[in-house]
Amino acid sequence: MEFGDIGTSNPGGRRVVVTGIGVVSNVGIGRDAFTQALRSGKCVVSDIRGFETDGYPYAHATEIHDLGTSQHDYDRLSESHGRAACLAILAARQAIADAGIDDCTEAGVVLGTTNGESQLLDHIVRTWMQQGPSHIPQADWQNAPAHRIANAVSRALGLRGESLVVATACAAGNYAIGHATDVITAGEADMMICGGVDAVNRSAYSGFFRLNAITPDVCRPFDAGRQGILTGEGAAILVLESLAHARGRGAPILAEILGYGLTCDANHMVAPHADSIARCIRLAHERSGVKPSDIDLISAHGTGTRTNDVVEVAAIRQVFGAAAPPTVSIKSMIGHTMGAASAMGAIACIIGMQNDFIPPTVNFREADSACDIDCVPNHARGASLRVVENHGFAFGGNNGVLILRNGRDIAELAA
Amino acid sequence: MTPIAILDVGVASAAGIGLAPFAACLRGAALPAPARMEASLSAFGHLPTRAAHWLSGFDAGAHLGRKGVANLDRTTQLAILLCRDLLGTLPAHLSEGRESTGVVLGTSGGSFKSIADFIRSTYAGPAPHMVSPMQFPNTVMNSAAAQCAIWNGLRGLNSTVCAGDLSGFAALQYAMRMLRLDHARLLLAGAVQEYCEFGAFAHESLTPDPASLQAEGGAVFALSAAPDDGAIGTLLAVRLGLLPAGSGVSGMADAIRRLLRDAGVVPGEISWWSTASKGEAQAGAEAEAVAYLFGAIVTVPCIAGRFGDAGGASVALQVAACLILAPDGIGLVTAADAGGQFGCALLRRRPRTVH
C-alpha cells in the first residue's frame, strides 16, 4: 500500500473518520447542492438584508437568502433561537441524516464561531439604545452567550454528550473539528458532531469595512486585483466517529482525520505571520504522519485581502518549496463565513476527495507575482485526491491546520 | 488517564490582584465593600442599580506599563496580568519553551463591553463604518487569550472556549485533553470575567434577587502533564455537558459516577466537595447527588456568597478557592446552570503551607 505509512504518528490513539456532512451556505443547502456549487464555481453576492445598511458606501455580502425546503424549519426554530443556532441545527440535522444515524444520543457537540449570536447581540444593543436596558427580554439575555449555540444543537438532536463552543475566531471550525477528533482519539466518545457557524452581522461588517478589508467587488483570492473579503454566513457540520464505531455500524466512511496542528503567532492581533503559519503546517504534518509531498490539495484560508494571500503563500512556500500542491480558496464562492469558514473548507475537501475534483478559485483574472500559486482558477479540475490540507487562520494569530485523507483509502486498507 | 499537575494558580478577585489577598479573605479577612459602577465605565449612560464586587481601583497601566494598555478591555487586561504573574512564579525549567506553552481561556462570550460598545458605535457615529479600528479586534471572543500570547510571547496553542457560567470547566477540560495528547507542554488555563454594563444588566434581569451581586475577576492555572514536586494540586478528571431534560439529581449523580470512572477513583476516596453554582435549586440538587454518592463529606463553601457572582469565571475561582481551603486528598467541584449544563471536576489538593 503506497500510503500505508500515512497516519501512523499516533499508533496508540483511535483513528477518527468522517461519516456525515451537513452544510447550509449561500450557494447551496445540503451536500448535493453544495457539491454542485463547488463543481460549477457558483458565486452569489447580494445586497445585505440581515441588518440596517443605511450609511455604508456599499453593503453586499454572501448572505443566505434562499433556505429552500429548510425555510419552514428555520422559521420554527427562530421563534426560540438566534440565527447562528438555527443555521447550526439545520446543518447538524443534515449531517446526522447523511451519516445514516438512528441513535446518537451519546454524541457530543463542538462548534466553532467567531461572533456567536451576533444578530441577537445587535438586537439587544439597539433595544437598549432606543428603549433602555429594562426593555430587553430575559430570553435575549439568556441566548446571548456563545455556548447557547452548541446547547441548542444538542437539545434539538436529543444529545447527552458534551456541548462546547470554541471561539477562536475565523479558525474556529478547524479548532472544533480538531478538538472533537481528540475527544474520540482519547476514547472519551465514539461519535461527535462538530463544525462551525456564523451569521452575517453589522458589527463584523463595520469592523472589516473600517479596516478597508471589504471588497467593493467580488472576492478574488490570489488575484492581482483582489480588494478584500465579503462577509458571509452559514453552518458546516461533520459527524465524526471512531473508525471501529463507523465500521461496526457499516457507515459510509467519507474521510479520515489524520491530525491537526495549532500555533499562535503571539505577534499581532490582525496581521498574519508567515513563520508561525509555516510552523503550524509542519506541526500538522508531523502529527498526521505525512510529508509535504503527500499533500494533493490545500484548501487555503485565502481571504482575498492584500495581506493574507501573500503571507499564506509565503508560508506554503516555506514548507513545500517550489512543489506546492494546488491551493484553492472557496471563499471566492461563499465569502468569508468566519467561524464556519474552515469547517466549510473541510467539507469542500471531503467533497473534492469523494468526487475526484478540485473546487476552483473563482473570479480570478490576473496572476499576482507576490502570491504565485496554482489556485485552480475559475474552473473545477478533475483530480484524484488522497491527502488534503485545510487551513484556518484568525485574528489573534490563532492558526489551525487540519489534514484529511480520502475515505476510499481507508476502505482499501480495511480490505 | 494521566493526571494533570496544577503547578500554580493566579487569581484576581474582589480581594485584589494576587493569590495572597484572595487567600486572606477566604480565611476571614475583610473584603472591600461592593461598589457602584463608575460613570467612566458606561458608554450607554445607564448605570446598574446594584453595587458589585468589582476591582474598582484596578489600574492596568500600573501593573502592565502604559504602552498599549489603554486600548485593551478589562477582560484582556486582567487575563494578561494573570498569565504574566503566573509565568513569573514558575521555575525557569517549566516556563521556558514558549513554542510549546499555550493559553486556554474560558469565557461566556468575550468582553461584552467591547462587543456592545462597538455595536453601539455603528449606530451612534456619523456612519456605521466610522468605528474604531483599534477596538474592532477586542470584539472577537479570542482577543483576551490572543493578547495573553502576544504580551507573554506564548506561541503554543491558544484557544478560547465557551460554556457560560461553566466556562472554567470547559477551559480545564480542554487543556487537560490537549496536554494528554501532547499538543502542548505547559498550558495556562482558566477564566476571566470583567464587570461591565452589559453583564450587569443581564445579571439584574436573570438574577432578580437584589442581594445577588456581580463579581469581577478570574483564575488561571499553570497545567502540565508531567508530574512535578512543586505542584499545588492535581487535576484528575473533568466532565461537562447537558443534563438529560428533567434528570436533575439522578443526572448529576450519573455524571459524577462517570467522572470517578474516568479517573479510576472509588467513592470512598472522595473527602470533600464544593459547588460553584449560583442557583439555589442547582446547588441543592448537587448537594443531594453528592450526599447520595458519598454520604457526609467536608463541604468547601461556595465563594459566590461573599465574593459575588463571577459568571464565566465562577468555576475557575471556586477551584482556586478549593486549592486553598480544601482538606488534603481528593475532592469534587461541581456546578450547574439554569440552562441544564452540569460540570464536575476531580482534583487532589497537595498539602502545602505556603499560602
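Two strands count as paired here if DSSP finds at least two bridges between them. Keep that in mind as you move around this predicted model.

**Stop 1: the strand pair across the chains.** Select residues 163-166 of chain A, which form strand β6, together with β5(B): the two run antiparallel and share two bridges. To find one of the contacts in that pairing, pick A:V165 and look across to its bridge partner in β5(B), B:C162.

**Stop 2: the rest of the A/B contact.** Now widen the selection to the whole contact, with 59 residues from chain A and 57 residues from chain B. On the chain B side, colour α5 (112-124), α6 (143-152), β5 (158-162), α7 (167-180), α8 (197-206) and β9 (233-242), each of which gives two or more residues. Which element gives the most to this side? That's α5(B), with seven residues. Colour the chain B side by class and you'll get 32 nonpolar, 21 polar and four charged residues.

**Stop 3: inside chain A.** Hide chain B and split chain A by its domain assignment: 16-248 is domain 1, and 258-414 is domain 2. Their C-alpha centres sit 20 Å apart. Between them, 58 residues of domain 1 are in contact with 59 residues of domain 2.

**Stop 4: the domain 1 face.** Stay on chain A and light up β1 (16-25), α1 (31-40), α7 (172-185), β7 (191-198) and β8 (234-242); each supplies at least two residues of the side of domain 1 that touches domain 2. Zoom in on α7(A), which gives the most to that side, with seven residues. By class, this domain 1 side has 30 nonpolar, 21 polar and seven charged residues.

Definitions and conventions
Residues are numbered from 1 along each chain as its sequence is written. Chains are lettered from A and ligands numbered from 1 in the order in which they are written. This is a predicted model: local features need pLDDT of at least 70, side-chain atom pairs count only at pLDDT 80 or more; totals for chains, interfaces and linings use all residues. Domain bounds come from an automatic or database domain assignment. Two residues are in contact if their C-beta atoms, placed from the backbone, lie within 7 Å. Helices (H or I, at least four residues) and strands (E, at least two) are DSSP runs, numbered from the N terminus. Ala, Val, Leu, Ile, Met, Phe, Trp, Tyr, Cys and Pro count as nonpolar, Asp, Glu, Lys and Arg as charged, and the others, Gly among them, as polar.
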